[in-house]
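Visitor: Could you take me through one part of this structure at close range? I would like to follow the helices at the start of the chain and see what they touch.

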Amino acid sequence: MHPGIVGLLEHDRGDLVHTLDVYLTNGGDARKTARELHLHRSTLYYRLDKLAEAIGSHLSDGETRFELTLSLRLAVLAGLYTPRPTVV
């Protein structure tokens, strides 16, 4: 698993993990992600900056997004993360 995801899960940052999960599921579409999470876009961008800082890489990198998506799926399979349902 990606060390950034491990760190977020160990520090009980489920809010950021959930934000990342929804963002990646939406293909990096900030507008759709903000709408699904019921956030203002500036709040989402703040969270994305915090995520980039926590994982040590920028979310615009395709390889990083792939690693993070795979890590989130592995965390679900390992029982370390349970995705929250999002209401649109």
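Guide: Happy to; we will begin with one helix and then turn to a packed pair. Please keep in mind that this is a predicted model.

Let's start with α1, which spans residues 3-10 and has G4, I5 and L8 as its buried residues. These three lie on the same side of α1, because the arc they cover around the axis is only 100°. The spacing fits a general rule: an α-helix has 3.6 residues a turn, so residues three or four places apart point the same way. Turn to the other side of α1 and you find P3 and E10, both exposed. What lies over the buried residues of α1? The cover includes α2 (14-25), α4 (41-55) and α5 (62-77). After α1 comes D12, and its phi is positive, near 55°.

Two of those covering helices, α2 and α5, also pack against each other, with axes 10 Å apart and an angle of about 120°. Angles over 115 and up to 145 degrees fall in the oblique class, and α2 and α5 are therefore oblique to each other. Their crossing is left-handed. On the α2 side, the contact is made by V17, L20, D21, L24 and T25, while α5 brings R65, L68, T69, L72 and R73. Sorted by chemical character, the residues of this contact between α2 and α5 come out as five nonpolar, two polar and three charged.

Note on methods
Residues numbered from 1 in each chain as written. Predicted model: local features only at pLDDT ≥ 70, side-chain atom pairs only at ≥ 80, totals over all residues. Heavy atoms only, no water. Buried < 20%, exposed > 50% of the residue type's maximum accessible area, 1.4 Å probe, protein only. Helix = DSSP H or I, 4+ residues; strand = E, 2+ residues; numbered from the N terminus. Arc of directions from axis to C-beta. Contact = heavy atoms within 4.5 Å. Axes fitted to C-alpha atoms, helices over the stretch in contact; angles between N-to-C directions. Parallel < 35°, antiparallel > 145°, perpendicular 65-115°, else oblique. Left-handed = near helix turned anticlockwise from the far one by under 90°. Nonpolar A, V, L, I, M, F, W, Y, C, P; charged D, E, K, R; others polar.
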